[in-house]
Each structure stands twice: as C-alpha cells, then as structure tokens.
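User: Hey, can you walk me through the surface patches and pockets on this one?
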Amino acid sequence: MVFLWMFFEIAGTIAFAVSGALVGISRRMDIFGILVLALSTAIGGGIIRDILVGNIPPNSFKTSLYIVLTTVTTFMVFFIYRSQILRYMSRRKLSKMYLLADTLGLASFTVTGTTIGFNAYPEYPLLAVTLGLITAVGGGIIRDVLAQRIPSVLQEEIYALPSIVGGIVFYLVASSSNDYWYLASPISFFVVFLLRSIGIYYHLSLPKVR
C-alpha cells in the first residue's frame, strides 16, 4: 500500500507540475511565476488534505522530494519552450499535452487523497471521497485563481465528477475484502482517467444555463 501510494503521489506531482508550468507559460509569466503556478498545482491540494486530517506539517514540507520534483519538472518544461524545441507543434497538440498531464494528475491524486482518508477513518466513506476530491482539484483551483482564470473544475468537461466516482470505487473495493485492497488504487486510477478522457474526447460537461 505504501509503495502504491508513493508511486501515485510522485506521478501526480510530476503531472500537475507540468500542467501548472504550461498554464504559466500560456499566461506569459516569467520563470518565477511559472514555478509558483507549478508548485501551487502540484502540492496545493495535498497541503489542504493534510491540514484537514491533522497531518501537521504537511507531507510536502516534511521532505524536499515534492518541491524538488516540481522545480526540476518546471525548469525542464521552461527550457524546452525557451529553446523552441516544440516550435513545430501545433497549438492543438500542445493543448492535448496539457490535458493529458492534468488528467494524469487528477487520477493520481484522487487515489492518494482517498487512500489517506480511508486509512485514517475507514468508517467514514464521505471523508475518504472528499479528501480524494480536494487533493485532486485543490491545487488546480489555486493555480487558476493565481492565473486569473475561471477554475477548470467549474467550467471544463466533466472534471470533479470522475474524481468523485473514482473515490467511491476506491472505497468500495478497499472495504469489500482484505484480499483485494491492493486493487483499489489501480482500479480507482483507471476509472478516473477513463471518465475524464471520455469527457474530453466527447466534450461532455454537466448541465449549464444557456
């Protein structure tokens, strides 16, 4: 369980660092601004999650791993753009790169947040699902507010819903039997990734006022 949690935590950190850096670049920020957005996206949701469960100081400050990973990833993205390696790629392909990174981060952090909630208070399914959702979307909300955008969770194709469904699936699988607890993480990740990808491909969204 610890290995799987660390795997998804690292994967989510890198993926959200990429998406945060891409938003900073799209808003014409300097390297510091890009790094701030990347850090906000990568560790913001996890910090909120840890504070809610009383894990003080949050995991992001107990070790330098997450900040180092985010910083290295940000500089890599920055220099790739700076050197114009991607100058032949269309804006549509670059948008797909952002959506892929954001989807990977959403699925990974749904798993890590729900895992912490389930391990801490297995008798409260609502808490586990909520922590998964906060971890997955919290950093993106902070990023979009700093970038002066309407948060993705409030306007894009189904975004929060896949995280909620993934958290519920995690809880049901993990609590069904001790023999299958190790399947909860990969199944939940797959469900979130699949639902979000379907929403993007078919441009599905929740009902809006026209």
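Analyst: Sure. One term before we start: helices here are DSSP runs of at least four residues, numbered from the N terminus. Also keep in mind that this is a predicted model.

User: Good. Which helices each supply at least two residues of the nonpolar patch?
Analyst: Helix H2 (31–52) and helix H6 (125–146) do. H2 gives the most, with 4 residues.

User: And which residues form that patch?
Analyst: Phe32, Val36, Ile48, Leu52, Ile142 and Leu146, with about 520 Å² of accessible area together.

User: Why does Leu146 count as partly exposed?
Analyst: Because its relative accessibility is 44%, and partly exposed covers what lies between the 20% and 50% cut-offs. Leu146 sits in helix H6.

User: OK, pockets now. How much space lies in the largest pocket?
Analyst: About 570 Å³. It has 18 lining residues, and Leu22, Ile25, Ser26, Arg27 and Tyr81 are the closest to its centre. Helix H1 (2–26), helix H4 (65–82) and helix H5 (91–120) each give two or more residues to that lining, with the largest share, 5 residues, coming from H5.

User: What's the lining of the largest pocket like by class?
Analyst: It's 10 nonpolar, 2 polar and 6 charged residues.

User: And the second largest pocket, how much space there?
Analyst: About 330 Å³. H5 provides the largest share of the lining here, 6 residues, and helix H9 (184–202) also supplies at least two. Among the lining residues are Arg92, Lys96, Glu157, Phe193 and Tyr201. By class, this lining has 5 nonpolar, 4 polar and 3 charged residues.

Methods
Residues are numbered from 1 along each chain as its sequence is written. This is a predicted model: local features need pLDDT of at least 70, side-chain atom pairs count only at pLDDT 80 or more; totals for chains, interfaces and linings use all residues. Side-chain values use heavy atoms; hydrogens and water are left out. Patches are made of residues with over 30% relative accessible area and no salt bridge: like charges are joined within 9 Å, nonpolar side chains (Val, Leu, Ile, Met, Phe, Trp, Tyr) within 5 Å. Accessible areas come from the Shrake-Rupley method with a 1.4 Å probe; for residues, only the protein chains shown count as cover. A salt bridge is a side-chain nitrogen of Lys or Arg within 4 Å of a carboxyl oxygen of Asp or Glu. Buried means under 20% relative accessible area, exposed over 50%, partly exposed in between (1.4 Å probe, protein chains only). On a 1 Å grid over the protein atoms alone, a cavity is a set of points where a 1.4 Å probe fits but cannot get out, and a pocket is an open set with protein on both sides within 12 Å along at least five of seven lines; lining residues have an atom within 4 Å of a point. Grid points are joined across faces, edges and corners, and a volume is the space filled by probe spheres set on the points. Ala, Val, Leu, Ile, Met, Phe, Trp, Tyr, Cys and Pro count as nonpolar, Asp, Glu, Lys and Arg as charged, and the others, Gly among them, as polar.
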